[in-house]
Each structure stands twice: as C-alpha cells, then as structure tokens.
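Reader: Could you take me through the side-chain contacts in this one, beginning with whatever holds the metal? I'd like a close look at that part, and then at how the other contacts sit around the chain.

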Amino acid sequence: MADPLRIDAHLHLYPTKAAGLVEKQNYEIWEYGAKHDVAFEPLAGDIEDAQNAMVAAGFSHVVVANLFAIALLDEETRSAGLTAQAEHLKASNQWACDVTAGHEGFSVFVAVDPTVLGGEAGAAHLRDMVEQHGARGVKIHPAVQRFAPDEPQMLPIYQTCVDLGIPVLSHSGLMRDGSPYAEPNAFGNVLRGFPELNLVLAHLGGGAWRQTASFAKAFPQASFDLCEIIAWIGAPGAPSSAELAQLIIDVGPERVMMGTDFPWYGLAETVNQVMKLPLLSHDQKTAILGANASRVLKVPA
Ligand SMILES: [Zn+2]
C-alpha cells in the first residue's frame, strides 16, 4: 500500500536557525493558559530543518505561512516608517518564494499586512507574487498585525484572492487586550462580502474555539487547521481531547487540515496527536493528515 498523503498546512520558515530561535523566544503563547507538558519542537526552522522534519515524518508537501508584522520587526525597521516597512514586507515575501523555489514540496502563502501595504498596492504586490514568483496563497495575522479582517484596506486583496483562486490562511484566536480581530466571528463580514473566498482559520479558533462550530455552520465555505490548539489540549483555555475531537466532528472532519506551526511544534509529534484523538475514524484522521489540504488548498500532492 502506498504511504498515506501527508501535508502540513501551516508551517513557518526562517532565513537562518538563529532567526528562527529568536522568533520562537519572542512569540509568547498565552491564550490557552498554563500547560507544563506542551511538546515543543527543538528544531529552529530554516529550510534545512524543515526538509529534515518532512523526510523524518513522511511529508510530501508543506505550506509555508510567511508571517510579517511590524510588532515582530527589529527596532530599527519598526521606526523606519511605512515605506521602509512596505519594502521589508515585499522583500520578505520575495525571500520566501526564492528560498523554496529550487526545492520540491513547498507552497508559499505570502504575507499580507493591510497596515503596511493594503488596498490596491497590496493587491498588486500579491498578484505579482502569485503570477511571477509562484506563491499559492495568503497568510494574515490580524492579532499581531492588529486589524479587523473586514477593514477596507483588505477588500481589494480578498477580491484578488477570489480572482486568482488562492486561499487565505488567517491566524485565529484571542487578543490580550480583548480586541476581537482574530476571533472566528470577526470573519463573518468577510465571507458575507466574498462568499467565494477560500478562507482557512488556523488553530480552529484558538482560545476562541467555542465560536468555531457555529461559525463553521454559518459559513460552509470556510475551513480550518488544527495546529497549536492540538498541542495545548487540556490547558485551561483549550479543549480536552474529547472536546477537540467533537469540535472537528461538528465542523466536519473533511474541512479540517493538519498543520504544525513548525518550528513551534513538530511534524511527527503532531501526526501522533491527530492519531490519538478519540471519536474520529481512522479514515477521517488520515484525510486530516493530507488529503483535505490537497483538496482545499489545491497544493500538489
Ligand atoms: Zn502560524
């Protein structure tokens, strides 16, 4: 029997191991509360680390979610003004396409940030990355980038995604100051305005996971990845393993994709976590590990 298809629908890459380690140290995961036995990935997250993890865990394909946010820039670039930041965003997307171009098994979802490069200019950059540089989707992070998903600067970008037939992968979850920007319900207006948009909410809603089942019912075109939340099972703000499995059933298992958020979490470890979930059938779990992403994201199998 052929090996089952394995696709990681949500992974991050860094230019160097040192850069990946710095990012992992600076990005605090607080929204699930305390859990002392979270299985974090020891690798740092450059392309060599990603390739080694893929081979070790039997993955044929990964989606590189290119994350850009002013809050994550170094002090110099952060204070350099909007034009410099927009150039930084473009260079980061170009880097992600270039670093993966010579290698099998990588689909790049380029960063969009409407606070830096939104509107028609943002849409034009996106179209260039897709048509000239091989990008296959968009990554947004409304919590770290601090914007409401339905803000006007995003509208030409969503329209471009519909026109190009590419998905939008968005972080979802809670914000520390209580702003609802990344909660599932914040995406309702987007999908009412762009019913054909292929929207993927990462982390099944994260700390706002209790909104996810009703959101999924209201918007059957949306899909989800299960990275991070699966590693935090049992934490105060996260579901139990039975609650997570029930949420996947309520959403529809065919709409849920395996992701890792590598280099935060590991590919092999996340496969084990999926296979250990109760309530779901073996076939449903196998589809979550690869076939769903191949179909929903249209990445090469
Ligand atoms: Zn991520």
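Author: What follows goes from the metal site to the charged pairs, then the cysteines and the aromatic rings. Keep in mind that this is a predicted model.

Let's start with the zinc ion. Three residues coordinate the zinc ion: His10 and His12, each through NE2, and Asp261 through OD, at 2.0 to 2.1 Å. Read along the sequence, the donor pattern is H-x1-H-x248-D. That means the site brings distant parts of the chain together: histidine 10 belongs to strand β1 (residues 7-11), while aspartate 261 sits in the loop between β8 (256-257) and α11 (267-275), 251 residues apart. Are these two donors buried or exposed? Histidine 10 has 0% relative accessibility, so it counts as buried. Aspartate 261 is buried too, with a relative accessible area of 6%.

On to the charged pairs. Side chains of opposite charge can pair when their charged atoms come close. Here there are nine salt bridges in the structure, and three of them are worth walking through.

Take glutamate 48 and lysine 17, whose side chains form a salt bridge at 2.8 Å, N to O. Glutamate 48 is in helix α2 (residues 47-57) and lysine 17 is in helix α1 (residues 17-26), so this contact ties together parts that lie 31 residues apart in sequence. Glutamate 48 has a relative accessible area of 43%, which makes it partly exposed. Lysine 17 is partly exposed as well, at 31% relative accessibility.

Then there's glutamate 28 with arginine 176, a salt bridge at 3.2 Å, N to O. Glutamate 28 is in the loop between α1 and α2, and arginine 176 is in the loop between β5 (168-170) and α8 (188-193), so the pair ties together parts 148 residues apart in sequence. Both ends face outward in accessibility terms: glutamate 28 counts as exposed at 51%, and arginine 176 counts as exposed at 58%.

A third salt bridge joins the side chains of glutamate 131 and arginine 127 at 3.0 Å, N to O. This one stays inside a single element, since both residues lie in helix α5 (residues 119-133), four residues apart, or about one turn of the helix. Glutamate 131 is partly exposed at 48% relative accessibility, and arginine 127 is partly exposed at 31%. Elsewhere, salt bridges with shared partners connect Lys17, Asp46, Glu48 and Asp49 into one network, so the Glu48 and Lys17 pair from earlier belongs to a wider set of contacts.

If you're wondering about cysteines, how many disulfides does the model have? The count is zero. Why doesn't cysteine 97 bond with cysteine 161? The closest cysteine sulfur to that of cysteine 97 is the one in cysteine 161, and at 14 Å it is too far for a bond; a disulfide would need the two sulfur atoms within 2.5 Å. Seen from the other side, cysteine 161 is in no disulfide either, with the sulfur of cysteine 97 as its nearest, 14 Å away. As for where these side chains sit, cysteine 97 counts as buried at 5% relative accessibility, and cysteine 161 counts as buried at 1%.

Last, the rings. There are seven aromatic pairs. One of them is phenylalanine 40 with tryptophan 232: the ring centres are 6.4 Å apart and the planes meet at 75°, so the pair is edge-to-face. This is another link between distant parts of the chain, with phenylalanine 40 in the loop between α1 and α2 and tryptophan 232 in the loop between β7 (223-225) and α10 (241-251), 192 residues apart. The two rings differ in their surroundings: phenylalanine 40 is partly exposed at 45% relative accessibility, whereas tryptophan 232 is buried at 5%.

Another of the pairs is phenylalanine 215 with phenylalanine 219, and this one is tilted, at 5.0 Å centre to centre with 45° between the planes. Phenylalanine 215 is buried at 2% relative accessibility, and phenylalanine 219 is buried with a relative accessible area of 9%. Back at the earlier pair, ring contacts extend to a cluster: Tyr32, Phe40, Trp232 and Tyr265 are linked through ring pairs.

Technical notes: Residues numbered from 1 in each chain as written. Predicted model: local features only at pLDDT ≥ 70, side-chain atom pairs only at ≥ 80, totals over all residues. Heavy atoms only, no water. Donors = N, O, S within 2.8 Å, 3.2 Å for Na, K, Ca; no water. Helix = DSSP H or I, 4+ residues; strand = E, 2+ residues; numbered from the N terminus. Buried < 20%, exposed > 50% of the residue type's maximum accessible area, 1.4 Å probe, protein only. Salt bridge = Lys/Arg side-chain N within 4 Å of Asp/Glu carboxyl O. Phe/Tyr/Trp six-rings, centres within 6.5 Å; stacked < 30°, edge-to-face > 60°.
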